[in-house]
Amino acid sequence: MSEENKEVVTEEQEVQPVLQIQRIYVKDVSFEAPNLPHIFQQEWKPKLGFDLSTEAKQIGDDLYEVCLNISVETTLEDSGDVAFICEVKQAGIFTISGLEDIQMAHCLTSQCPNMLFPYARELVASLVNRGTFPALNLSPVNFDALFMDYLQRQEQAEQAEKSPEENKEIH
């Protein structure tokens, strides 16, 4: 009886979820201020454009690279001149194992980017500051909500694909 319990415990230990950061690094960075110095002579009424995306790829057994891509473009409302463009690719290598498909997707598109975001946010703020523009502190991002939104859109798309087939059967 005691041997059976040991086997069960061993099997449960093997399937424990694992998420470990191996390394966090800057993969690519770009800062452009194409309209300097005359941009500083205009009234500062910025219009901010913000894009965010993630990429994930498996690079080994239970080893994944996750990249958080942030692009910020600021133009002036009155003239439409570009003040600056800041693009950051903040990446990390993670050991991930013991997760089901949906859990793995959540980990790669929500949990890992959530760990990378503070680094990317600081890098964007630093680059904008070095360009001598007013401080830019990006608001926190709720990656869990973005993931849930993605799942809902995917479910709606699947239902939309099924609907025409169901309608054909009814008629």
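Here are legends for four close-up views of this predicted model.

**View 1. Four strands side by side in an open sheet.** Following the sheet across, you meet the strands in the order 1-4-3-2, with antiparallel pairing. Strand 1 (18-32) and strand 2 take the edge positions, each with a single partner strand, so one side of each is left without a neighbour in the sheet. On average, neighbouring strands are turned by 15° against each other, direction ignored. Helix 2 (residues 101-130) lies across strand 1, strand 2, strand 3 (63-76) and strand 4, and runs at about 140° to strand 4.

**View 2. Strand 1 meets strand 4.** Here 13 bridges join the two strands in the antiparallel sense. To find your bearings, look for Leu19, which stands opposite Ile96 of strand 4.

**View 3. A closer look at Ser97.** This residue belongs to strand 4 (residues 82-97). Ser97 counts as buried because its relative accessibility is 17%, below the 20% cut-off. Leaving aside residues up to four places away in sequence, Ser97 touches Gln16, Pro17, Val18 and Asp62.

**View 4. The largest pocket and its lining.** The space in this pocket comes to about 180 Å³. Around it you will find Leu52, Ser53, Thr54, Thr109, Phe143, Leu146, Phe147 and Tyr150. Strand 2 (46-60) and helix 3 (143-170) are the elements that give two or more residues to this lining, and helix 3 provides the largest share, with 4 residues. By type, the lining has 5 nonpolar residues, 3 polar ones and no charged ones.

Notes
Residues are numbered from 1 along each chain as its sequence is written. This is a predicted model: local features need pLDDT of at least 70, side-chain atom pairs count only at pLDDT 80 or more; totals for chains, interfaces and linings use all residues. Side-chain values use heavy atoms; hydrogens and water are left out. On a 1 Å grid over the protein atoms alone, a cavity is a set of points where a 1.4 Å probe fits but cannot get out, and a pocket is an open set with protein on both sides within 12 Å along at least five of seven lines; lining residues have an atom within 4 Å of a point. Grid points are joined across faces, edges and corners, and a volume is the space filled by probe spheres set on the points. Ala, Val, Leu, Ile, Met, Phe, Trp, Tyr, Cys and Pro count as nonpolar, Asp, Glu, Lys and Arg as charged, and the others, Gly among them, as polar. Buried means under 20% relative accessible area, exposed over 50%, partly exposed in between (1.4 Å probe, protein chains only). Contact means heavy atoms within 4.5 Å. Two strands pair if DSSP finds at least two bridges between them. Axes are lines fitted to C-alpha atoms, for helices over the stretch in contact, and angles run from 0 to 180 degrees between N-to-C directions.
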